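Subject: Structure handover

Hello,

The structure is below for you to look through. My notes follow it.

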There are 2 protein chains.
Amino acid sequence: MGPTEGDQSCLVSKLRHFVELSEQDNELLIRFEEEQREYKKRDLVRAEGDPIEDLFVVKKGWFIGYTTLPNGKRQVHRLYLPGDLIGTHEVVCERATYDVAATSDGILCPFQKIGLRHVFSNSPRLTALLYSIEALEQVAQDDRFRAVARMDATGRLSYLLLQIVSRLRLTEDNMHDRLKLLINQELIGDMLGLTGIHVNRTLKYMKEIGLIDRTGSVITLLQEDRMKELASFDDRHYKIDTSWFPPLIE
Amino acid sequence: MGPTEGDQSCLVSKLRHFVELSEQDNELLIRFEEEQREYKKRDLVRAEGDPIEDLFVVKKGWFIGYTTLPNGKRQVHRLYLPGDLIGTHEVVCERATYDVAATSDGILCPFQKIGLRHVFSNSPRLTALLYSIEALEQVAQDDRFRAVARMDATGRLSYLLLQIVSRLRLTEDNMHDRLKLLINQELIGDMLGLTGIHVNRTLKYMKEIGLIDRTGSVITLLQEDRMKELASFDDRHYKIDTSWFPPLIE
DNA sequence: CGGTTTTTTGAAAGGGCTCAAGATCCGTGG
DNA sequence: CCACGGATCTTGAGCCCTTTCAAAAAACCG
């Protein structure tokens with residue numbers, strides 16, 4: 001049923017969480033995952049300033065979108081996990097606003113930006129869904145922003161871990177309270193406005209006070225509730241209001 | 001021609017900067033500004049958790065979207081200026097994710113969220129434009145995020161001032177290098193992850209080193225170039241790539 | 001197994017915060 | 001038009017979280 005390797009599309013399986021898809025929608029979506037490209041850890045997918053022709057669906061592995069400031073500091077704007085779309089908000093730009101790279105080995109499915117025109121012209125409902133994904137991402141970004149702007153290191157890290165776990169749960173069935181981070185501490189710092197060094201110290205501290213356990217890059221959330229409180233974390237990933245969507249036509 | 005008071009719609013005049021609109025699009029857009037409501041400084045427009053039924057076009061005055069953390073700290077997620085749309089990314093939620101309030105006297109034009117269905121069903125092109133606005137907002141948020149996460153107070157403030165001026169220039173013809181902030185220093189701090197007190201000190205410092213001049217809340221940018229460098233500011237507001245838009249049909 | 005990447009730890013410095021209090025501005029009522 | 005009270009802006013002093021710089025230990029990879 002899926003386009004490749006017998007796996008079903010993680011994009012489709014993720015979107016199904018949000019809204020009922022018609023057969024036609026399904027067909028449009030599957031097209032997004034026809035081609036696939038492999039990447040190795042640290043590979044650059046595309047650089048800031050590159051013309052934007054393709055978007056990507058993450059099929060496997062973790063990827064980041066980041067920029068480097070003139071002073072050498074780095075800011076990781078987005079972490080892309082399997083099932084995520086890369087570049088949805090950049091279609092409005094002629095050129096990429098940041099670099100994208102693999103933080104682990106992985107696979108991306110590129111599809112042409114122009115392909116979106118089909119969706120916009122032929123499926124109002126799917127368009128609304130795309131719009132919603134975009135909007136949902138903003139909500140998530142807002143939450144992260146709040147964490148970075150207004151919480152200390154423990155709060156920020158709690159937030160990030162909860163967010164990642166919550167997102168992984170959407171596509172991985174066996175995702176409970178343990179995860180392997182496919183991104184190093186330096187980059188985690190760059191997501192949270194912290195130093196890699198301080199990320200390390202904070203993880204150590206979180207282990208000391210019993211919030212998490214950790215062996216290498218494998219982390220276990222021991223007190224998810226307390227972490228949620230620390231980060232005022234509200235899991236928003238399951239709710240899309242579709243009441244305003246154009247009606248579903250089979 | 002405009003719906004009210006002989007003024008033309010600031011939404012339309014803003015969108016015109018980005019893309020050519022058909023007559024039909026125009027008519028759809030004008031509907032968004034049929035009704036209007038007046039607000040006084042500090043009025044709450046709607047609270048976090050309220051059901052989302054309306055979106056708003058800002059007709060006059062400044063507004064903010066913000067949340068308050070359990071520890072009492074506040075985070076201003078968005079600053080809305082005339083011509084901006086409030087709530088575009090929250091249509092996906094059943095309930096508002098943050099409070100919206102007026103930071104000055106102002107006027108909003110509310111329109112029903114359901115009204116978007118018309119747009120999505122009838123104008124692929126306008127839908128693409130809405131999508132683009134949404135996406136552009138993300139780009140802007142990313143930039144602010146980077147400033148907050150990776151720059152010191154001077155950089156953050158430079159960024160914010162440049163951003164506001166740049167946005168005001170889209171709708172105000174006589175906007176040059178002087179602006180009156182319709183938002184107090186405390187709230188500026190809440191936008192940038194700083195204390196109001198430190199905003200004050202930093203503004204003082206910026207005046208001392210000649211970046212700006214200031215009398216009360218009226219600020220003059222004396223060295224815009226230097227500030228742009230400090231904040232690695234890239235003005236992205238004029239460029240929308242419409243190459244992938246569904247074709248314009250008159 | 002050797003080189004590279006990543007993690008870990010220490011000591012010192014710094015930017016922004018907190019707390020507190022005074023000065024100014026501004027809208028409102030008399 | 002003036003006086004009053006709340007909102008906002010200013011300024012000072014000390015503290016604290018995070019950064020910097022440096023370097024060692026550990027993990028990873030071919």
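A residue counts as near a strand if one of its heavy atoms lies within 4 Å of it. Please keep in mind that this is a predicted model.

DNA strand D

With that cut-off, 17 residues surround DNA strand D, and those that come nearest are A:Ala153, A:Arg201, B:Gln185, B:Asn200 and B:Arg214. By class, this surface has seven charged, six polar and four nonpolar residues. On the DNA side, 75% of the strand D atoms within 4 Å of the protein belong to sugar or phosphate, and the rest belong to bases.

Phosphate oxygens of strand D make polar contacts with both chains. From chain A, an N or O atom in the side chain of A:Lys73 is 3.3 Å from a phosphate oxygen, and a polar backbone atom of A:Thr195 is 3.2 Å from one. From chain B, a polar backbone atom of B:Gln185 is 3.0 Å from a phosphate oxygen. The elements that give two or more residues to the surface near strand D are helix 7 (196-208) of chain A and helix 7 (196-208) of chain B. Helix 7 of chain B gives the most, with four residues.

Helix 6 of chain B

Helix 6 of chain B covers residues 185-192, and six of its eight residues are buried, so the helix is largely enclosed by the rest of the structure. The buried residues are B:Leu187, B:Ile188, B:Gly189, B:Asp190, B:Met191 and B:Leu192. They pack against helix 4 (124-150) of chain A and, within chain B, against strand 4 (63-68), strand 5 (74-80), helix 4 (124-150), helix 5 (153-171) and helix 7.

The N-terminal end of helix 6 is capped by B:Asn184, with a side-chain oxygen 3.1 Å from the backbone nitrogen of B:Glu186. Just after the helix, B:Gly193 has a positive phi of about 70°.

Aromatic pairs

Over all chains, the structure holds 15 aromatic pairs. One of them joins B:Tyr39 and B:Phe63: the ring centres are 5.9 Å apart and the planes stand at 90°, so the pair is edge-to-face. B:Tyr39 lies in strand 1 (residues 37-39) of chain B and B:Phe63 in strand 4 of that chain, so the pair ties together parts 24 residues apart in sequence. Both residues are buried.

B:Trp244 and B:Phe245 also form an edge-to-face pair, because their planes are at 75°, with ring centres 4.9 Å apart. These two residues are buried as well. Ring pairs link them with A:Phe120 and B:Tyr131 into a cluster.

Regards

Notes: Residues are numbered from 1 along each chain as its sequence is written. Chains are lettered from A and ligands numbered from 1 in the order in which they are written. This is a predicted model: local features need pLDDT of at least 70, side-chain atom pairs count only at pLDDT 80 or more; totals for chains, interfaces and linings use all residues. Side-chain values use heavy atoms; hydrogens and water are left out. A polar contact is a pair of N or O atoms within 3.5 Å; within protein, one must be able to donate a hydrogen and the other to accept it, and residues adjacent in sequence count only if both atoms are side-chain atoms. Ala, Val, Leu, Ile, Met, Phe, Trp, Tyr, Cys and Pro count as nonpolar, Asp, Glu, Lys and Arg as charged, and the others, Gly among them, as polar. Buried means under 20% relative accessible area, exposed over 50%, partly exposed in between (1.4 Å probe, protein chains only). Contact means heavy atoms within 4.5 Å. Rings of Phe, Tyr and Trp (its six-membered ring) pair if their centres lie within 6.5 Å; planes under 30 degrees apart count as stacked, over 60 as edge-to-face and the rest as tilted.
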